[in-house]
Amino acid sequence: MAQCTAQAQSGRRCRAQAMTGARYCFWHNPETQAARAQARKKGGFNRRRMAGSVAVSIETPADVVAILADELGALLGRVEAGATRARAVGALCSVVLKALEVGDIEARIAALEAIQCQGVNGYGR
Ligand SMILES: [Zn+2]
């Protein structure tokens, strides 16, 4: 697939893929103006419906994993399977893996620090 030939607001060339048989991506193609307007309207509707916020406390990588696990569950339950959902799930999973990795490293450091403290206190070094 070819790259979109439109210029983005930044002055650089748009980095999106051009639509099949077109010079422009979905967002720059003059022929998809009506579909874009509909997508924006739908997005606005979805945002209104999701209005309101919940206090979230994130202090450890485990907190991040718990939130992302909830989000993954909601995503899998609400959104029909498809390329968009697959991309979202992939992105969330990669962040979960990173958070788990960070949590593992923190646990190892804590274990090493505990051993070092034992050495200092227990053996007088
Ligand atoms: Zn474009």
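## Confidence

Confidence varies between the helices of this predicted model. Helix α1, residues 33-49, has the lowest confidence, with a mean pLDDT of 72. Helix α2, residues 61-78, has the highest, at 88.

Across the whole protein, the mean pLDDT is 83. A value of 70 or more is reached by 86% of the residues.

## Fold

The protein contains 3 helices and 0 strands. Along the sequence, the pattern reads α-α-α.

## Burial and contacts

The protein has 125 residues, and 2% of them count as buried. Take the contacts with a separation of 6 or more: 25% of these join residues 24 or more positions apart.

## Ala2

Ala2 belongs to the segment before α1. Its C-alpha lies 5.9 Å from that of Gln17, and the two residues are 15 apart in sequence.

Why is Ala2 classed as partly exposed? Ala2 has 13 other C-beta atoms within 10 Å. A residue with 12 or fewer would be exposed, and one with 20 or more would be buried. The count for Ala2 falls in between, so Ala2 is partly exposed.

Terms used. Residues are numbered from 1 along each chain as its sequence is written. This is a predicted model: local features need pLDDT of at least 70, side-chain atom pairs count only at pLDDT 80 or more; totals for chains, interfaces and linings use all residues. Helices (H or I, at least four residues) and strands (E, at least two) are DSSP runs, numbered from the N terminus. Two residues are in contact if their C-beta atoms, placed from the backbone, lie within 7 Å. pLDDT is the predictor's confidence in each residue, from 0 to 100.
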